[in-house]
Amino acid sequence: MIGAIRRLLATILLLVALAAMTIHYGAVAVQPGHDALQTSARTLATDGERPGERLYIWGEVLDETDGGLRILAAGRTLTVRTDTAASPGDVVQVYGSIHSGGTITAERVIVSERERLRYLYAVSVVGLLLAIAAFLRKWEVRWYRLRVAPRSDDD
Amino acid sequence: MTDLLTHVLAVFAGLTAASLVFNLDDRYVPVGMVGAVVPDLAKLRLVIGAGTIEAVLGVPFSWAPIHRLGGAVVLCGIAALFFRPEDRSRAMRFLLVGVGSHFVLDAGVKRANGVIPPYFYPLSWWQPPSADLYLSSDPWPATVALALAGAVWSIDRHRSE
């Protein structure tokens, strides 16, 4: 009984620590010099970009334009000036300088094709199921006691 | 991020090989495999976005710490609490090996800005250079991991017979 109470208290403390990190990160990461992706996303979402400012963003390709791509990122439609080709539905990483009118002159664009993204999600599900199956092969979950123990035939 | 199959197979291959050399208890190999999944629990953002939580709670919020050292270690600590006391510290070590392996592999993902996210948070906001080896969606990392896992599994089976 005492052990169960101590486990519960330890779990609560750890969850509080995790919650504190999620709030702290949400507040601080958007500031420059912390997490480039989060900073850029917040800049775009609040229309806070300064001309010439370097941004790092992920977006979905809407279509190809003359001299670049039109993408959706951070809730905004942006034009990316680049020689890199991509198709609608592809996901792109863009690093470059933003200018007025939501145009980015890209220094680097990395394309993840839509079909390959489907592959990514499919094999990730397989990986998750494999980890769960491998775990349950060696360990049993005793739900009534909220405890994990080795399967008895492995002893 | 590297795909989860690569993460899980890489940990399986590494820990199974280590168990052959160092006589580790192979029951904990799957614990390491589960550890490799932990950082990607940050993908919960696809189910409920950070913006939604911020709007409801009225405070800043990010799922990212789960895919950082601090949050992943805390989640491993919570998971370890579910093990019996006599299994707990070993479970924690193997979970952390899985987490560490996850971050090492993710450091190889190509990033347009050339740096990886601050995986050492909350210890540091340092964003080291990316190894720029592969995209998350490239099939070859999973192919290599599968080949290594298959080879190690085969060796382990032959040794057991």
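How many residues does the contact take from chain A, and how many from chain B? Colour the two chains differently and let's find out. Keep in mind that what you have open is a predicted model.

**Stop 1: the contact**

Select the residues where the chains touch: 52 residues come from chain A and 52 residues from chain B. Putting the chains together buries about 4,500 Å² between them, and carbon and sulfur atoms give 70% of that area. Now pick out Met21(A), Tyr25(A) and Trp139(A). On the chain A side, these three lose the most area to chain B, together 14% of what that side buries. Hang on to Trp139(A); we'll come back to that residue.

**Stop 2: polar links across the contact**

Next, select Asp35(A) and Arg68(B) and show their side chains. They meet in a salt bridge, with 2.9 Å from N to O. Between chain A and chain B the count is three salt bridges. Polar contacts are there too: 16 residue pairs between the two chains, with both residues at pLDDT 80 or more.

**Stop 3: what chain A brings**

Switch to a cartoon view of chain A. Several elements give two or more residues to the side that touches chain B, among them the helices α1 (2–28), α2 (36–45) and α3 (114–138). The strands β4 (91–99), β5 (103–112) and β7 (147–150) of chain A do this as well. Which element gives the largest share? Select α1(A): 15 residues of that side come from there. Colour this side of chain A by class and you get 32 nonpolar, 11 polar and nine charged residues.

**Stop 4: the aromatic rings**

Time for rings. Over all chains, the structure holds 12 aromatic pairs. Select Phe135(A) and Trp139(A), the residue from Stop 1. Why is this pair called stacked? Their ring centres are 6.2 Å apart and their planes are at 10°, so the pair counts as stacked, since planes under 30 degrees apart count that way. Phe135(A) is buried at 11% relative accessible area, and Trp139(A) is buried too, at 0%.

Keep Phe135(A) selected and add Phe83(B). These ring centres are also 6.2 Å apart, but the planes are at 85°, so the pair is edge-to-face. Phe135(A) sits in helix α3 of chain A, while Phe83(B) is in the loop between α4 (69–80) and α5 (85–106) of chain B, so this pair joins two chains. Phe83(B) is buried as well, at 4% relative accessibility.

**Last stop: the cluster**

Finally, add Tyr28(B) and Phe94(B) to your selection. Ring pairs link them with Phe135(A), Trp139(A) and Phe83(B) into a cluster.

Notes:
Residues are numbered from 1 along each chain as its sequence is written. Chains are lettered from A and ligands numbered from 1 in the order in which they are written. Side-chain values use heavy atoms; hydrogens and water are left out. Contact means heavy atoms within 4.5 Å. Buried area is the accessible area (1.4 Å probe) that two parts lose on being put together, summed over both. A salt bridge is a side-chain nitrogen of Lys or Arg within 4 Å of a carboxyl oxygen of Asp or Glu. A polar contact is a pair of N or O atoms within 3.5 Å; within protein, one must be able to donate a hydrogen and the other to accept it, and residues adjacent in sequence count only if both atoms are side-chain atoms. Helices (H or I, at least four residues) and strands (E, at least two) are DSSP runs, numbered from the N terminus. Ala, Val, Leu, Ile, Met, Phe, Trp, Tyr, Cys and Pro count as nonpolar, Asp, Glu, Lys and Arg as charged, and the others, Gly among them, as polar. Rings of Phe, Tyr and Trp (its six-membered ring) pair if their centres lie within 6.5 Å; planes under 30 degrees apart count as stacked, over 60 as edge-to-face and the rest as tilted. Buried means under 20% relative accessible area, exposed over 50%, partly exposed in between (1.4 Å probe, protein chains only).
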